[in-house]
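Subject: Structure handover

Dear colleague,

Here is the structure I said I would pass on. My notes on it follow below.

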Amino acid sequence: MQGRYFWNTRTVEGFRRAAGYFQQAIDRDPGYAPAYAGLADTDGLMSTWYLGPQGELMPKARAAALKALQLDDTLAEAHTSLALIAENYDYDWQTAEREFKRAIQLDPDYATAHQWYAEYLSWQGRFEEALAESEKARQLDPLSMIIASDHASILYYGRQYDRALAQAREVLNMDPHAPRAGTVVIYSCIQEGKFAEAQKFVEQSGLAPDDPWLTALEDNCLE
């Protein structure tokens with residue numbers, strides 16, 4: 001539980017602490033499958049959030065996910081972990097969808113499976129399905145800032161910029177440091193031609209200078 005708490009912060013320090021707690025759980029009980037799934041998710045997201053070398057982190061994530069499944073092949077978290085790896089590292093869309101669906105079948109109340117499956121569907125251009133899955137994730141975990149932020153991202157991907165902007169601002173009203181919500185505000189403003197508003201938000205957001213999304217904006221939109 002401590003590992004998942006820090007994992008959900010989506011920060012460098014949060015991921016570091018999460019990995020430590022998951023490893024402590026494994027050391028105490030090497031047969032505890034959820035700890036391996038948590039470690040897989042930590043390494044997997046550190047890779048996709050550009051917090052370490054993908055070639056090192058994703059193989060570690062895969063090994064942990066497969067270990068979790070070896071211990072308990074009915075664990076929804078482990079199937080979700082494997083789906084993330086298939087999607088973001090192997091680019092194996094069929095395996096990713098199969099694993100997401102298997103996870104949801106095993107535990108329909110696992111919010112992260114719906115959240116990540118929604119993101120997968122959005123990348124396939126299946127926005128109606130994606131928003132339905134994202135809404136399900138929000139219903140299951142209404143206090144999750146990252147799930148709410150991802151919902152805003154999917155609205156953005158679906159070119160519903162006004163709704164994306166409203167959703168992202170709603171998230172920031174609850175948590176000014178919510179992951180991704182700030183970048184959705186900036187991108188949505190740009191798409192709607194609100195360049196001054198986007199520039200002002202960048203200046204006031206407190207985003208790290210090396211934030212990859214901010215770097216992309218500066219290179220392509222705000223020169």
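A residue counts as buried when its relative accessible area is under 20%. Glu97 has a relative accessible area of 14%, so Glu97 is buried by that cut-off. Please bear in mind that the model is predicted.

Two buried polar residues

Glu97 sits in helix 6, which covers residues 93-106. Its side chain makes a polar contact with the side chain of Arg126, at 3.0 Å. Apart from neighbours within four places in sequence, the residues in contact with Glu97 are Tyr117, Tyr120, Leu121 and Arg126.

His114 belongs to helix 7 (residues 111-123). With a relative accessible area of 5%, His114 is buried. The side chain of Glu133 makes a polar contact with the side chain of His114 (2.7 Å). Glu133 is also in the list of residues that His114 touches, which leaves out those up to four places away in sequence; the others in that list are Ile104, Pro108, Ser134, Lys136, Ala137 and Leu140.

Two helices with a buried face

Helix 4 runs over residues 54-71. Its 18 residues should span 26 Å at 1.5 Å a residue, and the end C-alpha atoms are 25 Å apart, which agrees. Which residues of helix 4 are buried? They are Leu57, Met58, Ala61, Ala64, Ala65, Ala68 and Leu69. Seen down the axis of helix 4, these fall within an arc of 135°, so they line one face of the helix. That buried set packs against helix 3 and helix 5 (76-90). Gly55, Glu56 and Gln70 are exposed, on the face of helix 4 turned away from the buried side.

Helix 10 comprises the 14 residues 161-174. The expected span at 1.5 Å a residue is 20 Å, and the end C-alpha atoms are 20 Å apart, in agreement. Here the buried residues are Tyr161, Ala164, Leu165, Gln167, Ala168, Val171 and Leu172. Down the axis of helix 10 they fall within an arc of 170°, so they too line one face. Asp162, Asn173 and Met174 are exposed on the other side of helix 10.

A pocket

The second largest pocket holds about 700 Å³ of space. Its lining is made up of 27 residues, and those nearest its centre are Met1, Gln2, Gly3, Arg4 and Tyr5. Helix 1 (2-7), helix 2 (12-28), helix 3 (33-48), helix 7 and helix 9 (145-157) are the elements that each give two or more residues to this lining.

Regards

Technical notes: Residues are numbered from 1 along each chain as its sequence is written. This is a predicted model: local features need pLDDT of at least 70, side-chain atom pairs count only at pLDDT 80 or more; totals for chains, interfaces and linings use all residues. Side-chain values use heavy atoms; hydrogens and water are left out. Helices (H or I, at least four residues) and strands (E, at least two) are DSSP runs, numbered from the N terminus. The expected span of a helix is 1.5 Å times one less than its number of residues. Buried means under 20% relative accessible area, exposed over 50%, partly exposed in between (1.4 Å probe, protein chains only). The arc is that of the directions from the helix axis to the C-beta atoms. A polar contact is a pair of N or O atoms within 3.5 Å; within protein, one must be able to donate a hydrogen and the other to accept it, and residues adjacent in sequence count only if both atoms are side-chain atoms. Contact means heavy atoms within 4.5 Å. On a 1 Å grid over the protein atoms alone, a cavity is a set of points where a 1.4 Å probe fits but cannot get out, and a pocket is an open set with protein on both sides within 12 Å along at least five of seven lines; lining residues have an atom within 4 Å of a point. Grid points are joined across faces, edges and corners, and a volume is the space filled by probe spheres set on the points.
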